[in-house]
Amino acid sequence: MNKYLAKDQLYKMNAYWRAANYLSVGQIYLYDNPFLREPLKLEHVKPRLLGHWGTTPGLNFIYVHLNRVIREQDLNMIYIAGPGHGGPAVVANTFLEGTYSEIYPNISQDADGVKKLFRQFSFPGGIPSHAAPETPGSIHEGGELGYSVSHAYGAAFDNPDLIVACVVGDGEAETGPLAASWHSNKFLNPARDGAVLPILHLNGYKIANPAILARISHEELKSLFIGYGYKPRFVEGSDPEMMHHLMAETMDTVIAEIRAIQDDARNNGNTKRPIWPMIIFRSPKGWTGPKEVDGKKTEGSWRSHQVPFSEMSTRPDHIKLLDDWMKSYRPEELFDENGAFKRELAELAPKGERRMGANPQANGGILLKGLKMPDFRDYALKVEKPGQVVGEATRVLGNFLRDIMKLNMKNRNFRVFGPDETASNRLGALFEVTKRTWMDGTIPEDDNLSPDGRVMEILSEHTCQGWLEDVGSALDILHLSNVPM
């Protein structure tokens, strides 16, 4: 592997990764003594350990590399952590970039703040182990597996400058909603929409069983995603230095491919559906964690999926194991005497709203505005005498939706989602002002298909729901409170 990163850049990025891993382990295990400046004791460890370590180091690794391309290319990017219990990673990284402390000033950028950060995680009165709604930059909670990709595309629709980095866990990749959502790329128009960068995170195992996509052959896996309409690029290995170089080079390549696709559509008018890039990232489960616990393989096995070891009250050797593990990240090189993240490392994070935890697209509807709405009373079915008028409620609703669409067409902030039933449910008036979104070829018998259509139809109701849930992070949405009274 050729060296891609400069020596100093490699050192700092790896140190940043170590810091994120250290904070992640601390969240799972520690109640006190956050920087291990006194001998670790049982009373420093949480009495009940809850959380998931196995996916976390990979999520941290990806976040660090996304930070680099955001800074170097001034990208507008958000991060979706698909693995269900990726909370430690997202919290750690938003803390390191400063967003967390800005939103929650009591979690300060010092030793006391780190102590509170650790205590609150998966603890009574604290925060969940998932990337919950209160987590900065999170639009995907992850607990109900299978919606990460559909959420990512929902956020990208009508957001031409946005790139959504979507990390897909190999366990959630086995779910029906996730399997169907890969087809969302057939609905993304590079001329008017943003982009989604799927990153399939293969670390081998679910809770106890091997993950299917982690065990099939390289060629079968590659063929699967080519069949879905993607151009997969592989980043595989366990040696951190080699993986940093490979991931950095791959990131630059896929971002360039995304930009080329968008430039071709926006400047040359190419309306053909493109083949979008994706990354298949294979790393050990529980990467950088304990190699063995009680003589059994842990890193790279299902045993690191949750808490790698938890019998702290009856096993003093486990306390020593935790101490050695956390000290392996060399926190004294990462944090100063006050517990603040060292400035030369903190500078690797993007600035202001370019930080993924601070991006307005992912924080509480900051960008949402009310739709232009017609008066619903103008659509009332006039009933002069009982039993004398024939009418259909959904057909009337179709006229109402048609006019909402028409009023908001210029702003491109209203879409309709459904499982191929717009016409059959008597909402066909919508097709007077727009068409169905369709990025592939058409034949004469097709009806109302266009790359610019704003009616989104796919038979997977899971995908429709996922798109709808997160299109609100990027678009204006219909609020009944906006209806004139």
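The following dialogue discusses how to read several features of a predicted model.

Student: On what basis should the model be read?

Tutor: This is a predicted model in which local features need pLDDT of at least 70 and side-chain atom pairs count only at pLDDT 80 or more, while totals for chains, interfaces and linings use all residues. Residues are numbered from 1 along each chain as its sequence is written, and side-chain values use heavy atoms, with hydrogens and water left out.

Student: Which residues touch the most other members of the largest nonpolar core?

Tutor: A nonpolar core is a set of buried Ala, Val, Leu, Ile, Met, Phe, Trp, Tyr and Cys residues joined through side-chain atoms within 4.5 Å. Buried means under 20% relative accessible area, exposed over 50%, and partly exposed in between (1.4 Å probe, protein chains only). Here the largest core has 121 residues, and Y79, L200, F281 and L322 touch the most other members. Helix α1 (residues 7–29) gives the most to this core, with 12 residues. A second, separate core of 13 residues includes L401, L427, L430 and F431.

Student: With which residues is L200 in contact, leaving aside its neighbours within four places in sequence?

Tutor: Contact means heavy atoms within 4.5 Å. On that basis, the partners of L200 include V168, G169, A173, L213, L221 and F225, and also M278, I279, I280 and F281.

Student: How many residues of helix α3 are buried?

Tutor: Helices (H or I, at least four residues) and strands (E, at least two) are DSSP runs, numbered from the N terminus. Helix α3 (residues 87–96) is mostly covered, with 10 of its 10 residues buried. Its buried residues pack against α1, α2 (56–73), β1 (76–81), α4 (99–103) and α5 (111–120). Just after α3, G98 takes a positive phi of about 95 degrees.

Student: What span does α13 reach, and which of its residues are buried?

Tutor: The expected span of a helix is 1.5 Å times one less than its number of residues. Helix α13 has 15 residues and reaches 21 Å from its first C-alpha to its last, close to the 21 Å expected. Its buried residues are G398, F400, L401, R402, D403, I404 and M405, and what covers them includes β8 (416–418).

Student: How many salt bridges does the structure hold, and where do R354 and D74 lie?

Tutor: Side chains of opposite charge can pair when their charged atoms come close. A salt bridge is a side-chain nitrogen of Lys or Arg within 4 Å of a carboxyl oxygen of Asp or Glu. The structure holds 33 salt bridges. In one of them, R354 pairs with D74, the closest N and O atoms being 2.9 Å apart. This pair links distant parts of the chain, 280 residues apart: R354 is in the loop between α12 and α13, and D74 in the loop between α2 and β1. R354 is partly exposed at 29% relative accessibility, and D74 is partly exposed at 48%.

Student: Where do D112 and K116 lie?

Tutor: Both lie in helix α5, four residues apart, about one turn of the helix. Their side chains meet in a salt bridge (3.3 Å, N to O).

Student: Why does the salt bridge between D294 and R315 tie together separate parts of the sequence?

Tutor: The two side chains of D294 and R315 meet at 2.8 Å, N to O. D294 lies in the loop between β6 (292–293) and β7 (296–297) and R315 in the loop between β7 and α11 (316–327), so the pair ties together parts that are 21 residues apart in sequence.

Student: Which residues are linked in a network of salt bridges?

Tutor: The network links D158, R192, D193, R412, R415, D452 and R454.
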